[in-house]
Each structure stands twice: as structure tokens, then as C-alpha cells.
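Here's a quick walk through the inside of this protein. Have the sequence and the 3D view open as you read.

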Amino acid sequence: SPSPVEIAEVCETVILFGGAALKNAQVNAGALGAHSAAQQWQALRDAGVRVINVSPIEDDVPQNLDAEWLACRPGSDTAIMLGMAYTLVRDGLHDESFLARYTEGFERFLPYLMGEDDGVAKTRAWASQLSGVSADKIEELARSAARHPIFLGISWSLQRQRHGEQSWWMVTTLGAMLGF
């Protein structure tokens, strides 16, 4: 994975779905190890990178990061990402050339996203109702992500729930929609 210096060179924003708790960082399989996660996060903050913690738990990131906390309902990360994806498509901000060249299957996902399959468009309002995060904030995240490169982070903990694989599939889809 990229270092904080590499992230700061390219990205203005880091969005962490499920946080990035230090207690879960750099787990070693026995023996001693140099734990530098706190210093790495500090370097990212010092470089001026905006960090957004999307989690029901505020302290899912180190407190000295001054991260913006988006308190969401547990298990609603995928809904937030879907609301962001809908905004990208609605406003023509998704990277169609990247999707066509490097991915397979977006044309099967799009009818679901737009509500053609089930009659429910995955709008920012829909996502807000499920997540508790404001529709305006979901739209702002999507627009910000489309304006400049961002780093999308996702916690392993999100898979430890019913349909937990969906958040991993969706962060991959969202990244592809943004051209990375």
C-alpha cells in the first residue's frame, strides 16, 4: 500500500470507510515490530491532507488527525458509496473511458444504481435515509472525489456483517468510476 508521503503527493482527501483504528494497524504475526502507524498518520495530517472518517465510532481514527467524522449507521457504508456513485453518474462525473478500457460489467451495475432493476434509484437522498449522513454531505463527497484524486480506505471490519462483501465490491466500483 502507498505510504503517507505518496498519498500526500497525489491526494488532497482520504475517505476512510470503517475508520482506521490504530489498535488494528500493523498487526504482526508474533515477535516484535516497529509500529509506525501513528507517525504515518501524523505525516499525512502535517501534509495538509483532509481525512474523513465514515464510521459509527468517532475514535476509529487517531484523535490528532483532526479527521472529519461522518457518523453513519452501522452497515450503511455501501449505501453511502452508492449515493456517491449515483451522483457521479447523474452529473456525468464518472470516468467512462477508464470503465470501458479497464473494467468489465459496469453496464450490468448501472441499471441497479439508477433504479431500473428494482425501482429504487440509489440517490443521495436514498443513501441519507439509510445511513444518517446528510444528502448534501454525500453529494459533496462525490463531487470532491471527482475534482481531484482521493484515497479510499476501507476497514476489514466491514466484511464482518451480513452481506459484508458488498462494501468491498462497492469501494472497488467507486474507485473504478473515479478512474483509479
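What follows covers the strands, the nonpolar cores and one helix of this predicted model.

## The strands

Start with strand 2, residues 50-54. Being buried means a relative accessible area under 20%, and 4 of the 5 residues here are buried, so the strand is largely enclosed by the rest of the structure.

Strand 2 has partners to look at. Strand 1 (residues 13-17) runs parallel to strand 2, and 5 bridges join the two; in one of these pairings, L16 has N53 as its bridge partner. Strand 3 (residues 68-70) is also parallel to strand 2, joined by 3 bridges. There, I52 is partnered with E68.

## The nonpolar cores

The largest nonpolar core has 35 residues, and the ones touching the most other members are I15, F17, V54, I80, M84, L174 and M177. Helix 3 puts in the largest share of this core, with 9 residues.

Pick out M177 and check its neighbours: leaving aside residues up to four places away in sequence, it touches A85, L88, V89, H94, D95, L99, F106 and F109. Apart from this core there's another one, made of 11 residues, with C11, W41, V51 and L65 among them.

## Helix 6

Now move along to helix 6, residues 124-131. Which of its residues are buried? They're W126, A127, S128 and S131. The cover over these buried residues includes helix 3 (77-90) and helix 7 (135-147).

Right after helix 6 comes G132, and its phi is positive, near 85°.

Technical notes:
Residues are numbered from 1 along each chain as its sequence is written. This is a predicted model: local features need pLDDT of at least 70, side-chain atom pairs count only at pLDDT 80 or more; totals for chains, interfaces and linings use all residues. Side-chain values use heavy atoms; hydrogens and water are left out. Buried means under 20% relative accessible area, exposed over 50%, partly exposed in between (1.4 Å probe, protein chains only). Contact means heavy atoms within 4.5 Å. Two strands pair if DSSP finds at least two bridges between them. A nonpolar core is a set of buried Ala, Val, Leu, Ile, Met, Phe, Trp, Tyr and Cys residues joined through side-chain atoms within 4.5 Å.
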